[in-house]
Amino acid sequence: MPYEITREEFEDAVNDAIDKIPDDLARAMDNVAIFVVEEYEPAPGEPADSELLGLYEGTPLTERDSWWEAGSLPDRISIFRGPLSRLCDSREELVEEILVTVVHEVAHHFGIDDERLHELGWS
């Protein structure tokens, strides 16, 4: 059974997760915005029932060059409220999954791929 909290409580949990990012890493984040989104909308060609907990869209810091600064839009991290809520049975589990998802997507901003994240225990 999904664990439901209000959107405000969910956003607070996302903000708490962001606050847990070490200061030196938080300062190194560049031109990235984090949003709470209700549901993941599958891209064309993806199965209609695809669900993601979070999504990083942008150019990782490790791939940016001088061309990148010439008018690039901010990178975007989306944290999906519906899929995360459906995954969890308790507030504690939901807050932990939000933290893991935020860390996971921020890691992509730093150029860390899924394989390396799994090696580090962030699955």
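**Cavity, pocket and two helices**

Trainee: Which residues line the largest cavity?

Mentor: The largest cavity is lined by Ala-13, Asp-16, Ala-17, Lys-20, Val-95 and Leu-99. Two elements, α1 (7-19) and α4, each give two or more residues to that lining, and α1 gives the most, with three residues. Helices (H or I, at least four residues) and strands (E, at least two) are DSSP runs, numbered from the N terminus.

Trainee: What kind of model is this, and how are residues numbered?

Mentor: This is a predicted model, in which local features need pLDDT of at least 70 and side-chain atom pairs count only at pLDDT 80 or more, while totals for chains, interfaces and linings use all residues. Residues are numbered from 1 along each chain as its sequence is written, and side-chain values use heavy atoms, with hydrogens and water left out.

Trainee: Ok, and what counts as a cavity or a pocket?

Mentor: On a 1 Å grid over the protein atoms alone, a cavity is a set of points where a 1.4 Å probe fits but cannot get out, whereas a pocket is an open set with protein on both sides within 12 Å along at least five of seven lines; lining residues have an atom within 4 Å of a point. Grid points are joined across faces, edges and corners, and a volume is the space filled by probe spheres set on the points.

Trainee: How much space lies in the largest cavity?

Mentor: The largest cavity holds about 30 Å³ of space, and the structure has one cavity of 30 Å³ or more. Its lining residues divide into four nonpolar, no polar and two charged, where Ala, Val, Leu, Ile, Met, Phe, Trp, Tyr, Cys and Pro count as nonpolar, Asp, Glu, Lys and Arg as charged, and the others, Gly among them, as polar.

Trainee: What about the largest pocket, what volume does that have?

Mentor: The largest pocket has a volume of about 200 Å³. Its lining has 14 residues, and those nearest the centre of the pocket are Leu-53, Gly-54, Thr-101, His-104 and Glu-105. The elements giving two or more residues to this lining are β2 (54-57), α4 (91-109) and α5 (114-119), and the largest share, six residues, comes from α4. By type, the lining of the largest pocket divides into five nonpolar, six polar and three charged residues.

Trainee: Back to α1 for a sec, which of its residues are buried?

Mentor: Phe-10, Ala-13, Val-14 and Ala-17 are buried in α1. They cover an arc of only 100 degrees around the axis, which puts them on the same side of α1; the arc is that of the directions from the helix axis to the C-beta atoms. The face of α1 turned away from its buried side carries the exposed residues Glu-8 and Asp-19. Buried means under 20% relative accessible area, exposed over 50%, and partly exposed in between (1.4 Å probe, protein chains only).

Trainee: And what covers the buried residues of α4?

Mentor: The cover over the buried residues of α4 includes α1, β1, β2, β3, α3 and α5, with contact meaning heavy atoms within 4.5 Å. Among the buried residues of α4 are Leu-94, Ile-98, Leu-99, His-108 and His-109.

Trainee: Is His-109 itself buried or exposed?

Mentor: His-109 is buried, with a relative accessible area of 0%. Not counting residues up to four places away in sequence, His-109 touches Met-29, Asp-30, Val-32, Tyr-56, Pro-60, Leu-61, Arg-64 and Asp-75.

Trainee: Where does Val-32 lie?

Mentor: Val-32 lies in strand β1 and is partly exposed, with a relative accessible area of 21%. Although Val-32 and His-109 are 77 residues apart along the chain, their C-alpha atoms are separated by 8.0 Å.

Trainee: Different topic: what is the phi of Asn-31?

Mentor: Asn-31 has a phi near 55 degrees, a positive value in a residue other than glycine. Most residues other than glycine have a negative phi. Asn-31 is found in the loop between α2 (23-28) and β1, and Asn-31 is partly exposed, with a relative accessible area of 30%. Just after α4, Gly-111 takes a positive phi of about 85 degrees.
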